[in-house]
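Subject: The structure I promised you

Hi,

Here is the structure to go with your sequence. Have a look at it first, and then read my notes underneath.

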Amino acid sequence: MSRTVTLTQLLTDVRNQADIVGATARHDDTLLTRLINQSIQRFRERLTADGIQHYLVNTTGLLTAGVTSPYPFNVLDLSAASPNIVRTYSMDIDIGGRTKTLHHVQFEERSRWSGSQITGEPVAWCHIQTTTIAVMPAPTYAYSYAVWYLPKLADLSSGSDTFDGVAGWEDFIVWDVVSRLVV
């Protein structure tokens with residue numbers, strides 16, 4: 001269910017709730033728009049971190065077989081596939097028509113796969129950087145993958161630009177901005 005609100009509506013709601021209607025010298029549209037955009041980005045990350053997948057999308061491709069020299073694991077670079085990744089959340093691979101979700105492990109755990117079994121059927125992945133992840137153990141075969149991530153959202157800039165408030169989620173944005181103005 002979509003419940004979009006425009007930047008103009010958000011600006012009006014913030015001004016009304018903060019009781020700053022007409023106070024444009026101190027609280028101009030540029031400042032309020034910046035605070036609204038920051039709040040939207042934080043809200044999307046918080047929601048996704050709490051397990052709500054509403055804003056996630058995926059990118060797919062084919063893993064290369066073997067380790068990525070000089071590492072004892074396979075490195076998957078997602079920057080060319082999607083330069084707008086905020087954070088990755090899940091990785092699936094296809095093994096003979098069966099989807100296998102890989103375990104997300106901490107970066108420090110990557111060395112667990114540096115011993116005798118450095119290739120095989122992947123079981124885990126970790127972040128190296130925002131658009132680069134390690135797959136462990138390195139795949140013996142070129143498996144198809146799907147990586148689920150939170151994409152960057154273009155800032156609202158025009159009054160007619162919209163945010164999908166779904167079921168009143170825009171209230172969080174308004175009250176977050178109001179609380180920042182009050183403090």
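Let's start with two helices, keeping in mind that this is a predicted model. Helix α1 (residues 7-17) and helix α3 (residues 170-182) have axes that come within 9 Å and cross at roughly 50°. That makes the pair oblique, because only angles under 35 degrees count as roughly parallel and 65 to 115 as roughly perpendicular. The crossing of α1 past α3 is right-handed. Who makes the contact? On the α1 side you'll find L10, D13, V14 and Q17, and on the α3 side E170, V174, W175, V177, V178 and L181. Sorted by character, the residues of this contact come out as seven nonpolar, one polar and two charged.

Next, the sheets. One of them is an open sheet of four strands, in the order β2-β11-β4-β5, and its pairing is antiparallel. The edges are taken by β2 and β5, which have a single partner strand each, so one side of each has no neighbour in the sheet. From one strand to the next, the twist averages 30°.

Try walking through that sheet strand by strand:

- β2 (residues 57-62) runs antiparallel to β11, and six bridges join them. Look for T59, which sits opposite V147 in β11.
- β4 (residues 85-95) is also antiparallel to β11, with eight bridges between them. Here you can find S90 opposite W148 and R87 opposite L150.
- β4 and β5 (residues 98-101) are joined by four bridges and run antiparallel too. I93 has K100 in β5 as its bridge partner. The hairpin of these strands has two residues between them, and G96 takes a positive phi near 55° there.

So is strand β11 mostly buried or exposed? Six of the eight residues in β11 (residues 144-151) are buried, so the rest of the structure largely encloses this strand. Helix α2 (residues 29-49) lies across both β4 and β11, and it runs at about 35° to β4. While you are looking at the strands, here is a handy rule: side chains in a regular strand alternate between the two faces of the sheet.

There is another open sheet of four strands, ordered β3-β9-β8-β6, and this one has mixed pairing. Its edge strands are β3 (74-77) and β6 (103-104), each of which pairs on one side only. β3 pairs with β9 (residues 132-136) in the antiparallel sense over four bridges. Within that pair, D77 stands opposite T132.

One last residue to click on is L63, in the loop between β2 and β3. Why does L63 count as buried? Its relative accessibility is 2%, and buried means under 20%, so L63 qualifies. Leaving out residues up to four places away in sequence, L63 touches N74, L76, M91, I93, V135, P139, A142, Y143 and Y145. Among these, A142 makes a nice example of how the chain folds back: L63 and A142 are 79 residues apart in sequence, but their C-alpha atoms are 5.0 Å apart in space.

Have fun exploring, and write back with any questions!

Cheers

Key
Residues numbered from 1 in each chain as written. Predicted model: local features only at pLDDT ≥ 70, side-chain atom pairs only at ≥ 80, totals over all residues. Heavy atoms only, no water. Buried < 20%, exposed > 50% of the residue type's maximum accessible area, 1.4 Å probe, protein only. Pairing = 2+ DSSP bridges. Axes fitted to C-alpha atoms, helices over the stretch in contact; angles between N-to-C directions. Parallel < 35°, antiparallel > 145°, perpendicular 65-115°, else oblique. Left-handed = near helix turned anticlockwise from the far one by under 90°. Contact = heavy atoms within 4.5 Å. Nonpolar A, V, L, I, M, F, W, Y, C, P; charged D, E, K, R; others polar.
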